[in-house]
Amino acid sequence: MKLSDYVRLLVLAAIWGASFLFMRISAPVLGALPTAFFRVLLGAIGLVVILAVLKTNVDFKGKLKQVMVLGVINSGIPFLMYSVAARLLPAGYSAIFNATTPLMGVLIGWMCFSDTLTLRKGAGVLVGLMGITLLTSTGPVTLSMSVAMGALACLVATSCYGAAGFLTKRWVADKGGLDAKLVAFGSQIGATLFLAPFFGISAAIHPPATWGNTQVWITMVALGFICTACAYILYFRLIADIGPVRSLTVTFLVPPFGVLWGVMFLGESLSIAHVYGGGLICLAVWFVLSQGKPKQELSR
């Protein structure tokens with residue numbers, strides 16, 4: 001990897017780490033569903049602007065349907081789950097849970113896509129579960145039903161990310177590929193269409209007590225344009241340049257930024273649970289991303 005690749009990974013991690021900060025500001029005011037909906041809607045609008053400025057030829061090569069379904073799995077459901085978590089957990093916690101994405105990828109790949117489960121990967125999953133348990137049972141947040149539900153929402157989101165990785169390879173990469181900007185754009189269209197009816201019904205039956213102030217909508221614009229539109233283009237470009245496995249290490253770098261932004265801008269406390277729980281999850285990610293030996297493979 002070149003120095004520019006490491007810089008892009010750090011920039012992407014800082015951006016996605018900030019998304020948990022922005023959701024922590026907007027979700028308690030607007031609600032989980034409006035936050036998720038406006039994030040994908042503003043992300044799609046931002047991508048329209050980017051495609052127009054770059055004069056990109058919008059040709060999905062017959063893959064629009066698949067890309068839109070990927071958007072539901074990779075954006076619609078996860079963004080909703082993280083918006084739910086933002087009402088229940090500090091931003092730093094959600095960012096650390098996001099690092100379980102490779103672990104969920106291992107389990108889903110083994111259970112659903114006939115992917116090999118090695119001893120090293122299995123150990124990574126177990127260590128990751130230990131880190132999650134430690135993080136939710138100690139520290140500044142007392143374990144309760146709401147905390148457990150917040151943690152579960154994060155894990156549903158990372159499970160979707162894990163499944164989306166395999167589906168992207170099967171539906172897009174293995175069939176000739178597609179411009180990263182178009183994959184990002186099509187996915188946000190799919191996520192917006194998926195969330196729109198739920199948002200409409202929710203807004204009609206039980207609208208938010210307030211639609212927020214200028215600060216809330218500035219964070220929503222940042223969440224949609226920077227943390228979604230620009231971030232996904234950067235991420236898909238990294239996959240094309242350095243491969244999916246190396247690009248996945250961004251989830252290892254997101255938690256420090258998520259915790260840092262929460263401490264700096266929201267006054268969240270830093271505890272030993274962040275260090276030990278986050279450390280175990282990072283160790284688990286290293287196990288998953290490192291190469292195992294063929295003779296250690298476990299047959300399902």
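Buried here means under 20% relative accessible area, exposed means over 50%, and partly exposed lies in between (1.4 Å probe, protein chains only). The model is predicted, so local features need pLDDT of at least 70 and side-chain atom pairs count only at pLDDT 80 or more, while totals for chains, interfaces and linings use all residues. Residues are numbered from 1 along each chain as its sequence is written, and side-chain values use heavy atoms, with hydrogens and water left out.

**View 1. Thr228 sits in helix 9 (residues 214-242).** Helices are DSSP runs (H or I, at least four residues), numbered from the N terminus. Thr228 counts as buried because its relative accessible area is 0%.

**View 2. Here's the company Thr228 keeps.** Its side chain makes a polar contact with the side chain of Arg39, at 2.8 Å. A polar contact is a pair of N or O atoms within 3.5 Å; within protein, one must be able to donate a hydrogen and the other to accept it, and residues adjacent in sequence count only if both atoms are side-chain atoms. Setting aside neighbours within four places in sequence, Thr228 is in contact (heavy atoms within 4.5 Å) with Arg39, Gly43, Phe79, Gln188 and Leu223.

**View 3. Phe20, Met23, Arg24, Tyr82, Ala86, Leu89, Ala91 and Ser94 line the largest cavity.** On a 1 Å grid over the protein atoms alone, a cavity is a set of points where a 1.4 Å probe fits but cannot get out, and lining residues have an atom within 4 Å of a point. Helix 1 (3-30) gives the most to this lining, with three residues.

Terms used
On a 1 Å grid over the protein atoms alone, a cavity is a set of points where a 1.4 Å probe fits but cannot get out, and a pocket is an open set with protein on both sides within 12 Å along at least five of seven lines; lining residues have an atom within 4 Å of a point. Helices (H or I, at least four residues) and strands (E, at least two) are DSSP runs, numbered from the N terminus.
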